Every structure is written in structure tokens, then in C-alpha cells.
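Student: I would like to go through this structure with you. Could we begin with the terms and then turn to the details?

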Amino acid sequence: MQRLFAALAATALLSGCAGVLPVPSDGAPLKVASWNLEHLAELDGQGCRPRVEADYVVLRRHADALGADVIALQEVESQAAAERVFEPAKYDVVMSTRPASERGPECRGLPGRHIQNQTVGFAIRKGVAWSRNGDLSALALGNPNLRWGVDVTVTKGRPLRLLAVHLKSGCNSGRASTDPDCPVLFDQLPVLETWVDDRARAG
């Protein structure tokens, strides 16, 4: 159980919150945030959350207001979609290499529209040194429609491994344990635990 809590704590950092991580060697903190962009599409008027250019302008302002060095991203259609919010002149955008998923079910409340490809990744402020590690494809459990984790090493004083994830949704508090989403989520947790344990062994 302790290992499970450690895995969940590590995931929580990049699954819907923001924080400042101290980097002792140079004294400058690294600000890390996470942002679920809720069906962010590459083109205007597409997906389960259709947006127009004015909406992307507001999202860009919010990105700047975050003032974060590294932002983990969820529910983004593609790199081009992410770059409509995180301008390439300001950020390096790195997205999952998972092949695009199949068309999903209908969007809730939008008949005729379907869930588009959803992927995870990072936006990393220009000037922050980083390198990419292999995606954590094992999180997909062999299902082409489940999301992979994106794994980067950020170096600001000392190296720090970060993993952006978007685990199986739908197994919410109050839902029956027999919900079909719950076993999928539970099967993803040992994969995440192994990643955390590997990082701990590597120091």
C-alpha cells in the first residue's frame, strides 16, 4: 500500500496542480504545472470543446500568466494544437509518440461530434535544458486508445525526471467498483509504480 501511495503522490504532481520544486545547486526554483486542456483541437470549431481563435488567445494569455517553466499537458489533439496555446517562440512542445487513436464515442451533449485523439505531453519554457526519454507506452496495456506517459529529464541545477500522464478516467469516487473503467485504472497503477521505483533506484 505504501508503494501505491508513493506512485499516486508522484502522479499527482503532474495531474492537475502546480508547484515549485527547489533546485538547490543554483538556488532558482523550477515552477512545474499541469493543465488538462479539455479536448484541445488543432482547428477551430472541432472536437468536443469547439473553440474559435478568440478562445485560443485567452488560453495563450493563461499560459503566460502561469509563469511556469514546465507544464504537463493532457487532452491535446496534437503538437500543432498545443502550439496554438504554447507559442513555439516561447516554449518547446513535446508530445506523446503514440499513434493517433481511433474516433471515440460521441461527445456528451454534442450529438454528431466525436471524441478526437487525446494525447499528453509537455510545454517547456525556452532556456530550460531538457532531454526526452522513451514514452511510457506500457500504460496503454496493449489498448491503442489508452494514453501513453511522456517522460522527460529537466536540468535546472540538477536533473529531474518528470512523467506526464492521463490515466483511465471514469473510475470516480462514488462509482461502483464494477464500473468497466475501474479495472483498467487499477491495471495501470503497477506500471506507474514500476516507473517510480525505477527512478528511485536510479537516484
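Tutor: On a 1 Å grid over the protein atoms alone, a cavity is a set of points where a 1.4 Å probe fits but cannot get out, and its lining residues have an atom within 4 Å of a point. This is a predicted model, in which local features need pLDDT of at least 70 and side-chain atom pairs count only at pLDDT 80 or more, while totals for chains, interfaces and linings use all residues. Residues are numbered from 1 along each chain as its sequence is written, and side-chain values use heavy atoms, with hydrogens and water left out.

Student: Which residues line the largest cavity?

Tutor: The lining consists of H39, L40, A41, G47, C48, E75, V76, E77, Q116, N117 and Q118. The elements giving two or more residues to this lining are β2 (30-40) and β3 (70-76); strands are DSSP runs of E, at least two residues long, and helices are runs of H or I, at least four, numbered from the N terminus.

Student: How much space lies in it?

Tutor: The largest cavity holds about 60 Å³, a volume being the space filled by probe spheres set on the grid points, which are joined across faces, edges and corners.

Student: What about E75: does the side chain make a polar contact, and with which residue?

Tutor: The E75 side chain makes a polar contact with that of N36 at 3.3 Å. Such a contact is a pair of N or O atoms within 3.5 Å; within protein, one must be able to donate a hydrogen and the other to accept it, and residues adjacent in sequence count only if both atoms are side-chain atoms. E75 is in strand β3.

Student: Changing topic, how many salt bridges are there?

Tutor: The structure holds 13, each a side-chain nitrogen of Lys or Arg within 4 Å of a carboxyl oxygen of Asp or Glu. One of them joins R84 and E53 (2.7 Å, N to O). R84 is in the loop between α3 (79-83) and β4 (91-95), and E53 is in helix α2 (residues 53-66), 31 residues apart.

Student: Is R84 buried or exposed?

Tutor: R84 counts as buried because its relative accessibility is 17%; buried means under 20% relative accessible area, exposed over 50%, and partly exposed in between (1.4 Å probe, protein chains only). E53 is partly exposed, at 34%.

Student: Which residues are linked with them in a network?

Tutor: The salt-bridge network links D44, E53, R60 and R84.

Conventions:
1 Å grid on protein atoms, 1.4 Å probe; cavity = no way out; pocket = protein on both sides within 12 Å on 5 of 7 lines; lining within 4 Å.
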